[in-house]
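Please open the model in your viewer and keep the sequence panel beside it. The tour below goes from one selection to the next and says what is to be found at each stop.

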Amino acid sequence: MKITDVLFVIVFLGSIPVFAMDEKRSTLHYNPISHVSLSKLLWTYGVHDQKDSEILDHYLSINNCDLYRLYRTNDFQWERVREGMRRELDYYSKNYPNRFEIKAVVPLDRYDFERSAFIIDPEFALNNAGSIQIPVDVSENYCGDRETFKFFPLDIKFVADSKFSLKEIPVPSSQAQLILEKIKKYKYTDFAEKRAVSLKFEIVMDDVKYSYQEEGRGKSIFKGQLDTITFYEDPQMTKPIWKKSFKSLN
């Protein structure tokens, strides 16, 4: 399974509604999910204590590798760096971005004329749960060690407040053939022999539950709002096919 930007496994609970494409573009900004951005949110929701120097050091190794490499071995200078980071967290931590986008590629099965919809390949249909599992790529500039994952883990789960299933993409039959012709030109590595479309979730994280695991790695469960789901005909995600909005965005 090839996933762009962020790897994930997704399954949701409920029944799929049929909605027309919403042409209005949201003015809200959604950030790509990264180890850096999620490490910041753990401070926002009070998971860690700023007085814990070990945790603060790991945080700096994720968020400012150049500074970490330059001063980590200088005891006195590094203590000043820590104090500066504590002041920064005091000032900014409540305002770190919490809106994110999750991107993926989804293969399609055949078009169903009775349902007027493309059927999502059953292996990739979203069913019978209510969460998004998000393995997060570590930044190339990251210079910590695996111990970091105990405090700022890569095992991320997002629990959405809107539960649903996603098994099909409603498209009028008058448009379906044209869409099929358009998506033929996009060749996704893992789906070279299949028709596929791009998928984007827009979410808001507003709470987190954090725990240590027995094997020494941490686990974060973020809770929040699922704002939109959009399918696109192109990998650049500029040509929407269908969109569902779950909340009145403000």
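Of the 250 residues in the chain, 47% count as buried, and the model through which we shall walk is a predicted one. Colouring by secondary structure brings up six helices and 10 strands. Among the contacts between residues at least 6 apart in sequence, 75% join residues that are at least 24 apart.

**First stop: helix 2**

Select residues 53-63, which make up helix 2, and begin at its N-terminal end, where Asp52 acts as a cap, with a side-chain oxygen 3.1 Å from the backbone nitrogen of Glu54. How many of the 11 residues of helix 2 are buried? Eight of them are, so that the helix is mostly covered; the buried set consists of Ile55, Leu56, Asp57, His58, Tyr59, Leu60, Ser61 and Ile62. To see what covers these residues, display helix 1 (35-44), helix 3 (65-71), helix 4 and helix 5 (148-151), against which the buried residues of helix 2 pack.

**Second stop: helix 2 against helix 4**

Add residues 75-92, which form helix 4, and turn the view until both axes can be followed. Two packed helices are described by the angle between their axes and the distance between the axes. Here the axes of helix 2 and helix 4 come within 11 Å and cross at roughly 85°, which makes helix 2 roughly perpendicular to helix 4. With side chains shown, Ser53, Leu56, Asp57, Tyr59 and Leu60 of helix 2 can be seen to meet Trp78, Val81, Arg82, Met85, Arg86 and Leu89 of helix 4. The residues of this contact divide into seven nonpolar, one polar and three charged.

**Third stop: the salt bridges around Arg82**

Keep the two helices on screen and select Asp57 together with Arg82, which form a salt bridge whose closest N and O atoms are 2.7 Å apart. Because Asp57 belongs to helix 2 and Arg82 to helix 4, the pair ties together parts that are 25 residues apart in sequence. Both Asp57 and Arg82 are buried, the relative accessibility of Arg82 being 14%.

Now add Glu79, which also forms a salt bridge with Arg82, with 2.9 Å between the closest N and O atoms. Glu79 and Arg82 are three residues apart in helix 4 and are therefore separated by about one helical turn. In contrast to the buried Arg82, Glu79 counts as partly exposed, at 31% relative accessibility.

**Fourth stop: Arg115 and Glu168**

A search of the whole structure finds 11 salt bridges, and another one to select joins the side chains of Arg115 and Glu168 at 2.4 Å, N to O. This pair links distant parts of the chain, 53 residues apart, with Arg115 in the loop between strand 3 (99-112) and strand 4 (117-120), and Glu168 in strand 7 (residues 168-170). Arg115 counts as partly exposed, at 45% relative accessibility, whereas Glu168 is buried, with a relative accessible area of 6%. Returning to the helices, salt bridges that share partners join Asp57, Arg72, Glu79, Arg82, Glu83 and Arg86 into one network.

Before leaving the loop between strand 3 and strand 4, select Ser116, which lies there too. What is notable about phi of Ser116? The angle is near 55°, a positive value in a residue other than glycine, and Ser116 is partly exposed, with a relative accessible area of 31%.

**Fifth stop: Leu199 and Met237**

Move on to strand 8 (residues 196-212), where Leu199 is found, buried with a relative accessible area of 2%. Leaving aside neighbours within four places in sequence, Leu199 is in contact with Ile102, Lys103, Ala104, Val106, Ile229, Thr230, Phe231 and Met237. Although Leu199 and Met237 are 38 residues apart along the chain, their C-alpha atoms are separated by 8.1 Å. Met237 is found in the loop between strand 9 and strand 10 (240-245), where it has a positive phi of about 60° although it is not a glycine; Met237 is buried, with a relative accessible area of 10%.

**Last stop: Thr228**

Finally, select Thr228 in strand 9 (residues 218-232), a residue that is buried, with a relative accessible area of 1%. Showing Glu202 as well brings up a polar contact of 2.6 Å that joins the side chains of Thr228 and Glu202.

Definitions and conventions
Residues are numbered from 1 along each chain as its sequence is written. This is a predicted model: local features need pLDDT of at least 70, side-chain atom pairs count only at pLDDT 80 or more; totals for chains, interfaces and linings use all residues. Side-chain values use heavy atoms; hydrogens and water are left out. Helices (H or I, at least four residues) and strands (E, at least two) are DSSP runs, numbered from the N terminus. Buried means under 20% relative accessible area, exposed over 50%, partly exposed in between (1.4 Å probe, protein chains only). A polar contact is a pair of N or O atoms within 3.5 Å; within protein, one must be able to donate a hydrogen and the other to accept it, and residues adjacent in sequence count only if both atoms are side-chain atoms. A salt bridge is a side-chain nitrogen of Lys or Arg within 4 Å of a carboxyl oxygen of Asp or Glu. Axes are lines fitted to C-alpha atoms, for helices over the stretch in contact, and angles run from 0 to 180 degrees between N-to-C directions. Angles under 35 degrees count as roughly parallel, over 145 as roughly antiparallel, 65 to 115 as roughly perpendicular and the rest as oblique. Contact means heavy atoms within 4.5 Å. Ala, Val, Leu, Ile, Met, Phe, Trp, Tyr, Cys and Pro count as nonpolar, Asp, Glu, Lys and Arg as charged, and the others, Gly among them, as polar.
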